[in-house]
Every structure is written in C-alpha cells, then in structure tokens.
Amino acid sequence: NYRHHSHTFHKQWYQRRVRGSCTHKTSPFASPVRATMNMLRFCGSLAVLVAVIAAVANTYCEKRSTQYERSTHGWDKCDENGLACCYYFNGSVILYSHNYHNGTYNPNTHCEYIIDIDWDCNLVMCVEIDMSLAQGSGVMIKTMDTSITYKGTKTPFNANLNDNSASVMFTSEDGGGEDNKWSMGMVCVPKTDYRSVCEICEDIADQQLAGPEGDEVFKFIED
C-alpha cells in the first residue's frame, strides 16, 4: 500500500487553492478597486509559491550539475579527485552504494541522496543489517530534527524518521573490498498507517536484498 508521491500533487493542490481564492466573493461594503488589488496580490503570491515549490523539487540536484554528467534523477562525476554525485527522489526508494553487487564503491566519494515525499507521509528508514563500510567511510541521515551517522561496522537500526524529507550523505576515503557496501530503504508511510517499523521493513526486505538493476544506485519500491 505504499504510494509514490510527487510534487505534482502539491502543484495541483495549490493551483486549485489559487483558483478557488481568486473567485472568492468580497464584502459588498469593501472598495471594489481595493478588493480587486488585494485579491490580485494574494493570487500572485500563491502563484509565486507554486512556482518556487516546483522549482525546488525539480532542480535541487540540477543547480550544481552544469559541469557534470547527467544521470537518472541527478548527476554524478568521477575523475582523479574521486566521485561526486547528487540524486533526488520523490517516492519510496531503496538507495544503494555504487558498485553494490561487488562491494567496491569508489574512493573519495561525496554523494548526496535527497528524498522528499508528500506531506501526509513519514519516512521509515530500513537499513541493510549486514552493511559494512571501509575505514574512513560513513553514511549520515539528516532530517529537520534528526541526525544519524553510521561508520565502519557499527550495527545499524531501522527507524521512523517522523519527517517527509531527508538527506542521506555518503562519504568515503577508501574504495572498500569485496564486502564493503550499504543499502537503505526510504519508505513513504501514511501518517494514518500505524504498522510498526519492523513490519514496514519486513515488507521490503526481499526487494532490498535483491540489489539494484546493474550499476544503478537506487530502486523504486514496488507495491
């Protein structure tokens, strides 16, 4: 019952609010000119807000990508200085380290995964239990109120992040050996869904353990 939410919903919702507000009748005692001007200002402000929301959703990773190779849902660049990347998702997704299937992610990686889902959902984080990071590598999960960091062989845990957006930062010094890899499910769970974190993560466990398609670094969660 997981839902893939996009900012299209937000845009349509705000557009409906804009149209509804612009057709609202004003008081018969108000100045017609003043009422019209106030309504135009109000509608203009909402229209700008819609545009800003859409722009942020669609260009978060694009604004720093002019010199980088475009990739699905973001960009990445690999050169003598290492690997830099940024990916943006607006639905339930499983994140994977690069070269997940052979456990040899790039040295000097600096990568960000942004997950931003609908406002009526919370993100539940499902971390691969046997994840292993090379020395100097770390994964940081940040929301408005939470910051969690995994390094080395620290035992991970699953959690309800109680937020509808999160940033996952991965950095590495070494490239790792055959067993250095990580994966993390970010599941959109409606706030009216009272299942436990264990149940949520168990539902996606098979998909997560199967790994990504080829060299992809993500996989959208199937219903």
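These exercises, each with a worked solution, explore a predicted model of one protein chain.

**Exercise 1. The chain as a whole**

Task: Find how many helices and strands the chain has, and what share of its residues is buried.

Solution:
- Start with the elements. The chain holds three helices and twelve strands.
- Next, take burial. The chain has 223 residues, and 43% of them count as buried.
- Turn to the surface. About 12500 Å² is exposed, with 52% of it supplied by carbon and sulfur atoms.
- Last, look at contacts with a separation of 6 or more. Residues 24 or more positions apart account for 74% of these.

**Exercise 2. Helix H3**

Task: Check the span of helix H3 against its number of residues, then find where H3 bends and what covers its buried residues.

Solution:
- Fix the limits. H3 covers residues 197-210, which is 14 residues.
- Compute the span. The rule is 1.5 Å times one less than the number of residues. For H3 this gives an expected 20 Å, and the end C-alpha atoms are 20 Å apart, so the two agree.
- Locate the bend. H3 bends by about 50 degrees at Ile-204.
- List the buried residues. They are Ile-200, Cys-201, Ile-204, Gln-207 and Gln-208. Ile-204 is thus both the site of the bend and one of the buried residues.
- Recall the helix geometry. An α-helix has 3.6 residues a turn, so residues three or four places apart point the same way.
- Find the cover. It includes strands S4 (93-96), S6 (121-127), S11 (183-190) and S12 (218-220).
- Step past the end. Gly-211 follows H3, and its phi is positive, near 80 degrees.

**Exercise 3. Salt bridges**

Task: Find how many salt bridges the whole structure has, and which residues are linked in a network.

Solution:
- Recall the principle. Side chains of opposite charge can pair when their charged atoms come close.
- Apply the cut-off. A side-chain nitrogen of Lys or Arg must lie within 4 Å of a carboxyl oxygen of Asp or Glu.
- Count. The search finds three salt bridges.
- Take Lys-77 and Asp-79. Their side chains meet at 3.6 Å, N to O. Lys-77 has a relative accessible area of 30%, so it is partly exposed. Asp-79 is at 28%, so it is partly exposed too.
- Take Asp-193 and Arg-195. Their closest N and O atoms are 2.8 Å apart.
- Take Arg-195 and Asp-203. Here the closest N and O atoms are 2.8 Å apart.
- Join them. Asp-193, Arg-195 and Asp-203 form a network of salt bridges.
- Check exposure. Asp-193 is partly exposed at 23%, Arg-195 at 29% and Asp-203 at 45%.

**Exercise 4. Two loop residues**

Task: Is Asp-163 buried or exposed, and what is the nearest side chain of opposite charge? Then place Pro-107 and classify its accessibility.

Solution:
- Place Asp-163. This residue sits in the loop between strand S9 (159-160) and strand S10 (165-171).
- Classify Asp-163. The residue is buried, yet has no salt bridge.
- Find the nearest opposite charge. Lys-191 is 7.4 Å away, while a salt bridge needs atoms within 4 Å.
- Name some contacts. Asp-163 touches several residues, including Cys-121, Leu-123 and Met-144.
- Move to Pro-107. Its loop runs between S4 and strand S5 (109-116).
- Classify Pro-107. Relative accessibility is 41%, so Pro-107 counts as partly exposed.
- Name its contacts. Among them are Gly-82, Leu-83 and Glu-173.
- Compare two distances. Pro-107 and Ala-134 lie 27 residues apart in sequence, and their C-alpha atoms are 9.7 Å apart in space.

Note on methods:
Residues are numbered from 1 along each chain as its sequence is written. This is a predicted model: local features need pLDDT of at least 70, side-chain atom pairs count only at pLDDT 80 or more; totals for chains, interfaces and linings use all residues. Side-chain values use heavy atoms; hydrogens and water are left out. Helices (H or I, at least four residues) and strands (E, at least two) are DSSP runs, numbered from the N terminus. The bend at a residue is the angle between axes fitted to the seven residues ending there and the seven starting there. Buried means under 20% relative accessible area, exposed over 50%, partly exposed in between (1.4 Å probe, protein chains only). Contact means heavy atoms within 4.5 Å. Accessible areas come from the Shrake-Rupley method with a 1.4 Å probe; for residues, only the protein chains shown count as cover. Lys and Arg count as positive and Asp and Glu as negative; His and the chain ends are not counted.
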